[in-house]
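Please work through the following exercises with the sequence and the structure at hand. Each task is followed by a solution that goes step by step.

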Amino acid sequence: MPIFYEQRELVTPGDLIADGDYMAGDSTYKEDDKIYATRVGLVNYEGRRLNVVALKAFYVPNVGDLVIGEVVNVNLGSWNLDIKAPHLATLRASDVLDRSFSPQRDDLPSIFDVEDLMLSKIVACDRTRDPLLTIREPGLGKISGGQVVEITPTKIPRVIGSKGSMVNMLKKETGCQITVCQNGLVLIIGKTIEKERLAIMAIRKIDQEAHTKGLTERVTEMIQKENQGV
Amino acid sequence: MTKKPLTLINKKNIRVDGRKLDELRPIKIELNIIGNANGSAYIEQGKNKILAAVYGPKEVHPRHLALPDRALLRCQYHMSPFSVKERKRPAPSRRETEISKVIRECLSPSIFGEYYPRTSIDIYIEVLEADGGTRCSGIIAASLALADAGIPLRDLVAACAAGKVEEHLVLDLNGPEDNKGTDMPIALMPTFNAVTLLQMNGILTTDEFEQALNLAVKGCEQVYTLQKEALKARYINVKEEVEEE
């Protein structure tokens with residue numbers, strides 16, 4: 001059962017990663033007991049399971065994901081949100097109001113209007129259905145302050161780090177409140193704009209250098225250096 | 001007017017542009033050059049200069065075209081008015097419509113469209129300068145643009161032409177050779193040795209066909225290596241920079 005690539009080695013679509021009794025994970029597929037890569041990325045083993053951590057991919061919604069969406073359309077009883085996925089997501093008026101929606105009483109644009117950014121969660125989504133969102137959980141709702149950075153969605157795990165090591169370090173070093181969303185958007189709320197900028201710089205660096213070793217140390221170093229300068 | 005050579009291949013088996021019979025034109029590839037596209041590639045193959053851009057997967061417009069079980073793949077091959085010696089009318093010609101179709105069909109087996117139902121993947125290929133074999137160069141660029149867009153692929157699609165010019169079998173025909181001789185473009189997924197496009201314009205005997213096919217497959221394999229290098233180049237550069245520090 002040979003494996004043809006080392007851990008964290010760069011592969012391109014069509015590369016034969018392994019032959020034999022393995023399971024095909026993310027960005028890979030299996031044909032005749034052979035596992036091939038489907039995207040440009042880094043090989044990653046988890047026991048018998050082979051993954052490729054894609055260096056470029058787009059967001060595919062899943063139930064339970066935390067996402068930031070921009071309102072792009074106000075309908076009669078719902079809003080459409082752009083969550084950086086292939087399809088627009090829907091947020092129902094009855095979910096936002098604490099009662100059923102009444103067209104005579106409720107004026108949706110006065111609640112949320114186009115260009116508003118919403119922190120929300122996906123409650124339903126599959127092959128035949130566009131994503132449905134909810135904001136009925138603590139912490140969710142319209143974003144009223146801070147800054148949003150966009151990065152490649154597959155690098156979100158790297159921003160979080162193993163057991164949250166990276167994001168905890170970022171929070172500690174910059175003093176910002178950081179919300180990492182599965183669709184590749186990161187919300188940063190800091191006490192000063194300088195602190196927010198520092199966090200954004202760090203996240204951009206993680207996005208660019210996600211496939212390199214010793215990233216957490218390098219990012220810590222960068223932030224501490226900048227902090228001394230300020 | 002410059003004086004044209006009487007023959008395309010001289011007695012030493014050297015072609016008009018100085019290549020050997022089984023030599024590819026020099027290829028230069030760049031990725032991610034169109035900011036608004038999800039993925040893009042630019043290729044220079046000899047005098048060919050071609051841009052490819054990929055948008056998607058995204059919602060299908062017009063909506064009724066959406067497929068319930070897989071992504072809709074659309075492809076547009078277009079030649080710029082200034083891409084050839086005499087101005088080409090910008091409206092899509094019969095030839096461009098056909099090439100769009102064959103390129104779409106040669107790329108579709110490489111794409112996992114069934115993962116993204118009710119979406120569309122749009123490919124645009126713009127020929128900025130043409131000198132023979134633009135459909136092959138277009139396929140090479142389009143396949144890379146798809147990979148650059150992060151769309152899952154079974155394999156990259158490599159393409160290359162072989163043919164017969166003045167009784168010699170040659171690889172990767174350029175403009176003048178294409179006009180005079182027999183041209184046979186093929187596209188290949190090298191990992192599976194699967195041919196996804198095979199066209200021929202002219203006459204070859206069965207033996208010649210087989211030889212030309214083998215020649216073209218070898219050409220595709222060379223192209224494939226270059227494609228992989230181009231895809232990796234961006235990330236390797238970052239890695240090296242960081243590790244030097």
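**Exercise 1.** In this predicted model, decide whether Arg218(A) is buried or exposed, and find the salt bridge in which its side chain takes part.

Solution. Begin with the accessibility of Arg218(A), which is 15% in relative terms. Buried means under 20% relative accessible area, and Arg218(A) therefore counts as buried. Next, look for the partner: the side chain of Arg218(A) meets that of Glu209(A) in a salt bridge, with 2.5 Å from N to O. Finally, apply the cut-off to the partner as well, where a relative accessible area of 10% makes Glu209(A) buried.

**Exercise 2.** Find which elements of chain B hold Lys28(B) and Glu44(B), and state the N to O distance of their salt bridge.

Solution. The side chains of Lys28(B) and Glu44(B) form a salt bridge at 3.8 Å, N to O. Lys28(B) belongs to strand E1 (residues 27-31) of chain B and Glu44(B) to strand E2 (residues 39-45) of chain B, so that the pair, 16 residues apart, links distant parts of the chain. As for exposure, Lys28(B) has a relative accessible area of 41% and is partly exposed.

**Exercise 3.** Explain why the salt bridge of Lys180(B) and Glu166(B) ties together separate parts of the sequence.

Solution. First establish the contact, in which the two side chains of Lys180(B) and Glu166(B) meet at 3.0 Å, N to O. Then place the residues: Lys180(B) is in helix H3 (residues 175-180) of chain B, whereas Glu166(B) is in the loop between strand E6 (158-165) and strand E7 (168-171) of chain B, so the pair ties together parts that are 14 residues apart in sequence. Lys180(B) counts as exposed at 54% relative accessibility, while Glu166(B), at 29%, is partly exposed. Another group in chain B is a network in which salt bridges with shared partners join Arg15(B), Asp17(B), Arg19(B), Arg25(B), Asp172(B) and Glu177(B).

**Exercise 4.** Trace how strand E6 (residues 41-46) of chain A is paired with its neighbours.

Solution. On one side of the account, strand E1 (residues 10-11) of chain A runs antiparallel to E6(A) and is joined to it by two bridges, with Val11(A) standing opposite Gly41(A). Turning to strand E7 (residues 49-54) of chain A, six bridges join this strand to E6(A), again in antiparallel fashion, and Arg49(A) is the bridge partner of Glu46(A). Two residues lie between the strands in the hairpin of E6(A) and E7(A), where Gly47(A) takes a positive phi near 65 degrees.

**Exercise 5.** Locate two residues of chain A other than glycine that have a positive phi, and say how exposed they are.

Solution. Start with Lys84(A), whose phi is about 65 degrees. Lys84(A) sits in the loop between strand E9 (78-82) and strand E10 (89-92) of chain A, and its relative accessible area of 37% makes it partly exposed. Continue with Lys163(A), which has a phi near 55 degrees and lies in the loop between helix H3 (156-160) and helix H4 (165-174) of chain A. Lys163(A) counts as exposed, at 86% relative accessibility.

**Exercise 6.** Which peptide bonds that lead to Pro57(B) and Pro62(B) are cis, and where are these prolines found?

Solution. The bond joining Gly56(B) and Pro57(B) is cis, with omega about 0 degrees, and Pro57(B) is placed in strand E3 (residues 48-59) of chain B. The bond from His61(B) to Pro62(B) is cis too, with omega near -5 degrees, and Pro62(B) is in the loop between E3 and strand E4 (72-79) of chain B.

Notes
Residues numbered from 1 in each chain as written. Chains lettered and ligands numbered in written order. Predicted model: local features only at pLDDT ≥ 70, side-chain atom pairs only at ≥ 80, totals over all residues. Heavy atoms only, no water. Pairing = 2+ DSSP bridges. Helix = DSSP H or I, 4+ residues; strand = E, 2+ residues; numbered from the N terminus. Salt bridge = Lys/Arg side-chain N within 4 Å of Asp/Glu carboxyl O. Buried < 20%, exposed > 50% of the residue type's maximum accessible area, 1.4 Å probe, protein only.
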